[in-house]
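Could you walk me through this structure, one selection at a time? I have it open in my viewer and would like to know what to click on next.

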Amino acid sequence: MENILEVNNLQVSFDTYGGEVQAVRGVSFNLKKGETLAIVGESGSGKSVTTRALARLIPSPPGRIKEGEILFDGKDLAKLSDKQMQAIRGKDISTIFQDPMTSLNPTMKIGTQIMEGLIKHQKMSKSQAKERTIELLELVGLPNPSERVDQYPHQFSGGQRQRIVIAIALACNPKILIADEPTTALDVTIQAQILELMKDIQKKTDSSIIFITHDLGVVANVADRVAVMYAGKIVEIGTADEIFYNPKHPYTWGLIGSMPTLDNTEESLVAIPGSPPDMLNPPKGDAFAPRNDFALEIDREMEPPMFKVSDTHYAATWLLHEYAPHVEPPEAVKRRMKGFASTGAASNGEGDQS
């Protein structure tokens, strides 16, 4: 399957009064056509900054892309002017943000907000744009779209507003859809509906999705591949099955151990000790070492490379070195992994079981 996006050594910094915050430190990955790639990690790990950089939505100043390539459709997006990016943003690459109320203009009818992109990028007439808007609202499951197209955002529930935001993002048939924590502000029932909706839309449109979340459980049934980020770097990447059933990085173990499961109600969650590092002064060696119960001496001195686990699975931990001691995930993490296996939580039918 061909790559629709290739990111090479992406580095993003913010210049503050305290100094340079190194938010993204050499991130590389690719995205295939029709694929869903989830990027997961704690708050502050660099997930959202990475995807905002892809769409060139980093406010400058204080933010800047220091280095790296973002290759899309034969172009390096990192080198395009703001005007050139305007022709791509919204048309080829669309973003769904976390809070629909900050994404929608409260003074404009929802139909008008969806029609804007259609008129600008698709060169439709107003009547054509309105007809397409009603189709989009129907596609995202909004009831009575022809009647509600002339209503304002405050007249809709939170879940309905998020559907409207998705309709705006889909208006120009984008090749890449970036979903930045799109379900965090919603209750669990609506969250499941929105995730199901996104899977359904992807099948119909064959778009590629980058899904950002701090919750591994949210992407269990949605992602084809998962990239785990920590301290501005990808520390593990693989198919969903590989990350859920055969994780190799202690940080990934920590994320899995902190996930509640239905069949482990009596077992307490395993919290990751400590807190993420200060990105004004990233630590020497492996950034996760101070929080890692399995850290080796070398972790405090030298940053680990990406070790190959399989053709699709890589992890940046010295525990994978041939001379490292053999370390197993904690028992609580193993029990959760078994729980995923028994429920098929990470199986979407497309990953390779490892």
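Here is a short tour of some helices, the nonpolar cores and one buried residue. Keep in mind that this is a predicted model.

**Stop 1: α4 and α7**

Two packed helices are described by the angle between their axes and the distance between the axes. Start by selecting residues 110-121, which form helix α4, and residues 158-170, which form helix α7. Their axes come within 8 Å and cross at roughly 20°. Angles under 35 degrees count as roughly parallel, so α4 is roughly parallel to α7. The crossing of α4 past α7 is right-handed.

Now show the side chains. Which residues of α4 meet α7? On the α4 side they are I110, Q113 and I114, and they meet I164, A167 and I168 in α7. Sorted by class, this contact of α4 with α7 has five nonpolar residues, one polar and no charged ones.

**Stop 2: α7 and α8**

Keep α7 selected and add residues 188-205, helix α8. The axes of α7 and α8 come within 10 Å, again with a crossing of roughly 20°. The two helices are therefore roughly parallel to each other, and α7 passes α8 in a right-handed crossing.

To see the contact, pick G159, Q162, R163, I166 and L170 in α7, then I190, Q193, I194, L197, M198 and I201 in α8. The classes here are seven nonpolar, three polar and one charged.

**Stop 3: the nonpolar cores**

How many residues does the largest nonpolar core have? It has 59, and those with the most contacts inside it are I166, F211, L216 and V226. You have already met I166, in the contact of α7 with α8. The largest share of this core, six residues, comes from α7.

A second, separate core has 33 residues, including V7, L37, L54 and I237.

Next, zoom in on V226. Leaving out residues up to four places away in sequence, V226 touches L37, A38, V40, L216, E236, I237, G238, T239, A240 and I243.

**Stop 4: T252**

Finish at T252, which you will find in helix α11, residues 250-257. Is T252 buried or exposed? T252 has a relative accessible area of 0%, so it is buried. Show its neighbours: apart from residues up to four places away in sequence, T252 touches V228, E236, I243 and P247. Two of these names may look familiar, since E236 and I243 also touch V226.

Terms used: Residues are numbered from 1 along each chain as its sequence is written. This is a predicted model: local features need pLDDT of at least 70, side-chain atom pairs count only at pLDDT 80 or more; totals for chains, interfaces and linings use all residues. Side-chain values use heavy atoms; hydrogens and water are left out. Axes are lines fitted to C-alpha atoms, for helices over the stretch in contact, and angles run from 0 to 180 degrees between N-to-C directions. Helices (H or I, at least four residues) and strands (E, at least two) are DSSP runs, numbered from the N terminus. Angles under 35 degrees count as roughly parallel, over 145 as roughly antiparallel, 65 to 115 as roughly perpendicular and the rest as oblique. A crossing is left-handed if the near helix is turned anticlockwise from the far one by less than a right angle, and right-handed if clockwise. Contact means heavy atoms within 4.5 Å. Ala, Val, Leu, Ile, Met, Phe, Trp, Tyr, Cys and Pro count as nonpolar, Asp, Glu, Lys and Arg as charged, and the others, Gly among them, as polar. A nonpolar core is a set of buried Ala, Val, Leu, Ile, Met, Phe, Trp, Tyr and Cys residues joined through side-chain atoms within 4.5 Å. Buried means under 20% relative accessible area, exposed over 50%, partly exposed in between (1.4 Å probe, protein chains only).
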